[in-house]
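Student: Can we go through this one together? I'd like to see how the protein meets the DNA.

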Protein chains: 2
Amino acid sequence: MESKRLAKVFKALSNERRLELFRLIYDQCKLEESRATQDGKGCCEGIEKAFTMACGCLNLSRSTISHHFKELQNAGLITCTRQGQTYMCQVNEDYVDAVRSFLG
Amino acid sequence: MESKRLAKVFKALSNERRLELFRLIYDQCKLEESRATQDGKGCCEGIEKAFTMACGCLNLSRSTISHHFKELQNAGLITCTRQGQTYMCQVNEDYVDAVRSFLG
DNA sequence: CTTATAATTCGATAACTATCGAATTATTCC
DNA sequence: GGAATAATTCGATAGTTATCGAATTATAAG
């Protein structure tokens, strides 16, 4: 991945609260995925009510959390689609891999 | 690694030019290391004249480059020791590993 | 259509960042 | 000690970011 894009990903993860948010989403996704595998469904479709969940976990205003979600999306780390009143949110594994293997 | 420290590392890598700088240092270190292994010396002692080298590679003022070095050091990614008029610079592998495996 | 809930956008503010050139400090060599 | 080179610090500036509360928009349910 070229520097510009990678730097953008790092920037998205450079705020402590936003990093926590991303971890929250990531962990939740992993959980869903293992459940899905157990049920023989294959992969995780994404987590529901991600925004609501995040609001419950992070001590920040809703507008700030909304902002952080946007940043993570903008960097390419997650994809969110609205489903009725709430979010369906997925982690983009390729991007996470890019971070992991950005060196070596 | 806890969020606070990890976020700091990401912040250090979130600037495109600084990311380039880090890669430069990192690649150079890897090169030295493979040479050292060939010579039977074990590991890389660090790269000499890192600052000077960086000045030649990045199109930025010396003061800005100095600032970027400081940021990388401050985040824990590299260690620089002055050697006479120049730098001896090393990558802290543990930190790079932490970044790589920050998830999964 | 009204009410309730969820999420976004807006406007403001305070704090932080990248960058530069100039001045300064540290080191080496003559 | 003086000159040359290397790196740091200083002060300024323009741009970005995190955060909030209030106002707004979107959706669902009665």
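Student: Which elements of chain A and chain B each supply at least two residues of the surface near DNA strand C?

Tutor: Keep in mind that this is a predicted model. Chain B brings α2 (16–38) and α4 (62–75) to the surface near DNA strand C. From chain A, the elements that each supply at least two residues are α3 (50–57), α4 (62–75) and β3 (86–91).

Student: What share of the atoms of DNA strand C within 4 Å of the protein belongs to sugar or phosphate?

Tutor: Let's look at some contacts before the number. A polar side-chain atom of B:Arg18 sits 3.0 Å from a phosphate oxygen of DNA strand C, and a backbone N or O atom of B:Ser61 is 2.9 Å from a phosphate oxygen of that strand. Bases take part too: B:Ser63 has a polar side-chain atom 3.0 Å from a base oxygen. Within 4 Å of the protein, the sugar or phosphate share of the strand's atoms is 73%.

Student: Which residues come closest to DNA strand D?

Tutor: There are 23 residues around DNA strand D, from which we pick the closest. Chain A gives A:Thr64 and A:His68. From chain B come B:Ser66, B:Gln85 and B:Tyr87.

Student: How far is a backbone N or O atom of B:Gln85 from a sugar or linking oxygen of DNA strand D?

Tutor: Some phosphate contacts first: A:Arg18 has a polar side-chain atom 3.0 Å from a phosphate oxygen of DNA strand D, and B:Thr52 also places a polar side-chain atom 3.0 Å from a phosphate oxygen there. For the backbone atom of B:Gln85, the distance to a sugar or linking oxygen is 2.5 Å.

Methods:
Residues numbered from 1 in each chain as written. Chains lettered and ligands numbered in written order. Predicted model: local features only at pLDDT ≥ 70, side-chain atom pairs only at ≥ 80, totals over all residues. Heavy atoms only, no water. Near = heavy atom within 4 Å. Polar contact = N/O pair within 3.5 Å; in protein donor to acceptor, adjacent residues only side chain to side chain. Helix = DSSP H or I, 4+ residues; strand = E, 2+ residues; numbered from the N terminus.
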